[in-house]
Amino acid sequence: RCNNRNRAFFAHWLCDQLVALQLCAVTVSLDLGHLEKLAAPGSCFSFTFFMGRYGLMCARYQAFQQFENDTKHVNEKIENQESSHVKIAQGEVLPIIDYYSLNMAKKVLVATEKPFAKKAVDGIREVVEKAGYELKMLEKYTDKAQLLEAVADVDALIIRSDKVTAEVLAAAKNLKIVVRAGAGYDNVDLEAATERGVVVMNTPGQNANAVAELTIAMMVFMARNGFNPGTGMELRGKRLGIVAYGAIGRIVADVADGFGMYVHVYSSPNPNKVRLYAKHLRRDDSLEQMFSESNFVSLHMPATPETKGMIGYDLIKLMPAGGVLVNTARKELVDEEGLIRAFEERSDLKYVTDIAPVRIEEMKEKFGNRVFATPKKMGAETAEANINAAVAAATQIVGFFEKGDVQFQVNK
Ligand code: 3PG
């Protein structure tokens, strides 16, 4: 293999060959008996010889220096591999260190049923190839079997909302890391990943602005009757309740503040510890308080066992007249049964969502323009968000393999 160690020894060998050649040349000149004629060219030759020798020594020294650095680098990699395994296995040091794979080119698969913008893929390619890794693409796949086949030989996986189940993880024998290019990682079986020693990361905040802008757009859309003729309302002076004050919630708060809205935030489990960034914010102690006062309520929490079905009849029915519920997070957060019941009782309420509810057809039929769902989740569908999240994912993978960086690991 043409690694740096071999290069160093080759340089060494080359030096010796050249020195031998030079000595031969001197011997031949002497043998020819032209010593007196060789005085001037001889000194020239001696000077060139010594300079050449000096140059070769420098090259040799550099090559060994490089070799020493590489050895140090590989040792660091070994240590990092050990420490990340320590973290994955939660205290248990895995006994086998894969020395061979340390020098192998890593294979990174981008598996996106909903593909990234071209510029985002170019960004991934640049990061991956610069690291000397190989990039594999599986876009717009329609069948799980395609994903199972594609993951078989890869070391790293970049996904969006693609489902990484226990079955996918079992099919990915070499997999060490999955990066969800985005915020929510409810599409990855974290338990199965941890069991297999696979690190799972997300790229928090990278697509937050895109989702926040869509949230505001949806509020305006509903305030103006879905852009249908008729009298609408303005956002200025209205109250907006933001459930979960993370990367997206903060931007929504800032922009809503700019619109002249009164912004309330609720962020469990420690609402009082949340630092408020926008200027005119109020912290609500309970969701009941928020729902009963807010003209708009926007959801920004992840889908977890605790948050699934969290927004139901009891909260929705508390909203003031003409209340609008906005969901750019996950459909599972809203208890559809409860929402339908509240909407049947209150003909003034509205629901706008970026993730179609399971019972969307029934809702459309019953409530008409009061319910709107985008045809396909589009919160993060901007070139900027795609590029940010995609390049961050690729960079995190390289950081993980090269330095053992697990800053954004979510299955600790
Ligand atoms: C996220 O969790 O980051 C958003 O829901 C975006 O999801 P997407 O990558 O499937 O568009």
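**Close-up views of a predicted model**

**View 1. Arg370 is found in the loop between α13 and β12 (371-373).** The model shown here and in the other views is predicted. Arg370 has 14% relative accessibility, under the 20% cut-off, so Arg370 counts as buried. Its contacts beyond four places in sequence include Met222 and Phe343. A run of further partners follows: Arg346, Ser347, Asp348, Leu349, Lys350 and Tyr351. Tyr351 is 19 residues from Arg370 along the chain, and the two C-alpha atoms are separated by 6.3 Å.

**View 2. Helices α12 and α13 come within 11 Å, axis to axis.** Helix α12 spans residues 336-345, and helix α13 spans residues 360-367. Two numbers frame this view: packed helices are described by the angle between their axes and the distance between the axes. Here the axes cross at roughly 5 degrees. That angle is under 35 degrees, so α12 and α13 are roughly parallel to each other. Helix α12 contributes Glu336, Leu339, Ile340, Phe343 and Glu344 to the contact. Helix α13 answers with Glu362, Met363, Lys366 and Phe367. By class, the contact residues are five nonpolar and four charged, with no polar ones. Phe343 of α12 appears here as part of the helix contact, and it also touches Arg370 of View 1.

**View 3. The largest pocket has a volume of about 990 Å³.** Its lining takes in 43 residues. Nearest the centre are Ala183, Gly184, Tyr185, Pro302 and Arg330. Which elements give two or more residues to the lining? They are α8 (208-223), α9 (247-258) and α14 (383-403). The lining divides into 21 nonpolar, 13 polar and nine charged residues.

**View 4. The second largest pocket holds about 650 Å³ of space.** It is lined by 24 residues. Closest to the centre of this pocket are Glu113, Ser161, Lys163, Ile355 and Lys377. How does the lining divide by class? Charged residues number 14, nonpolar residues six and polar residues four.

**View 5. Gln396 lies in helix α14.** Helix α14 is also one of the elements that line the largest pocket of View 3. Is Gln396 buried or exposed? Its relative accessibility is 12%, so Gln396 counts as buried. Leaving out residues up to four places away in sequence, Gln396 touches Val179, Met201, Asn202, Thr203 and Phe408.

**View 6. Lys176 lies in the loop between α6 (166-171) and β4 (177-180).** Lys176 is partly exposed, with a relative accessible area of 21%. Beyond its neighbours within four places in sequence, Lys176 contacts Asp155, Gly197, Val198 and Val199, together with Phe400 and Phe401. Phe400 is 224 residues from Lys176 along the chain. Their C-alpha atoms are separated by 9.5 Å.

**View 7. Phe227 and Ala244 are non-glycine residues with positive phi.** For Phe227, phi is near 60 degrees. For Ala244, phi is about 85 degrees. Phe227 is found in the loop between α8 and β6 (239-243). Ala244 lies in the loop between β6 and α9. What is the accessibility of each residue? Phe227 is exposed, at a relative accessible area of 59%. Ala244 is buried, at 14%.

**View 8. Ile311 lies in the loop between β9 (296-299) and α11 (313-316).** At 0% relative accessibility, Ile311 counts as buried. Which residues does Ile311 touch, not counting those up to four places away in sequence? They are Phe291, Leu299, Met301, Ile316, Leu325, Leu333, Val334 and Asp335. Glu332 is 21 residues from Ile311 in sequence and 9.3 Å away in space, C-alpha to C-alpha.

**View 9. The whole protein has 14 helices and twelve strands.** This view gives the context for the close-ups. The protein has 412 residues, of which 43% count as buried. Arg370, Gln396, Ala244 and Ile311 are among the buried residues. Of the contacts with a separation of 6 or more, 63% join residues 24 or more positions apart.

How values were computed: Residues are numbered from 1 along each chain as its sequence is written. This is a predicted model: local features need pLDDT of at least 70, side-chain atom pairs count only at pLDDT 80 or more; totals for chains, interfaces and linings use all residues. Side-chain values use heavy atoms; hydrogens and water are left out. Axes are lines fitted to C-alpha atoms, for helices over the stretch in contact, and angles run from 0 to 180 degrees between N-to-C directions. Helices (H or I, at least four residues) and strands (E, at least two) are DSSP runs, numbered from the N terminus. Angles under 35 degrees count as roughly parallel, over 145 as roughly antiparallel, 65 to 115 as roughly perpendicular and the rest as oblique. Contact means heavy atoms within 4.5 Å. Ala, Val, Leu, Ile, Met, Phe, Trp, Tyr, Cys and Pro count as nonpolar, Asp, Glu, Lys and Arg as charged, and the others, Gly among them, as polar. On a 1 Å grid over the protein atoms alone, a cavity is a set of points where a 1.4 Å probe fits but cannot get out, and a pocket is an open set with protein on both sides within 12 Å along at least five of seven lines; lining residues have an atom within 4 Å of a point. Grid points are joined across faces, edges and corners, and a volume is the space filled by probe spheres set on the points. Buried means under 20% relative accessible area, exposed over 50%, partly exposed in between (1.4 Å probe, protein chains only).
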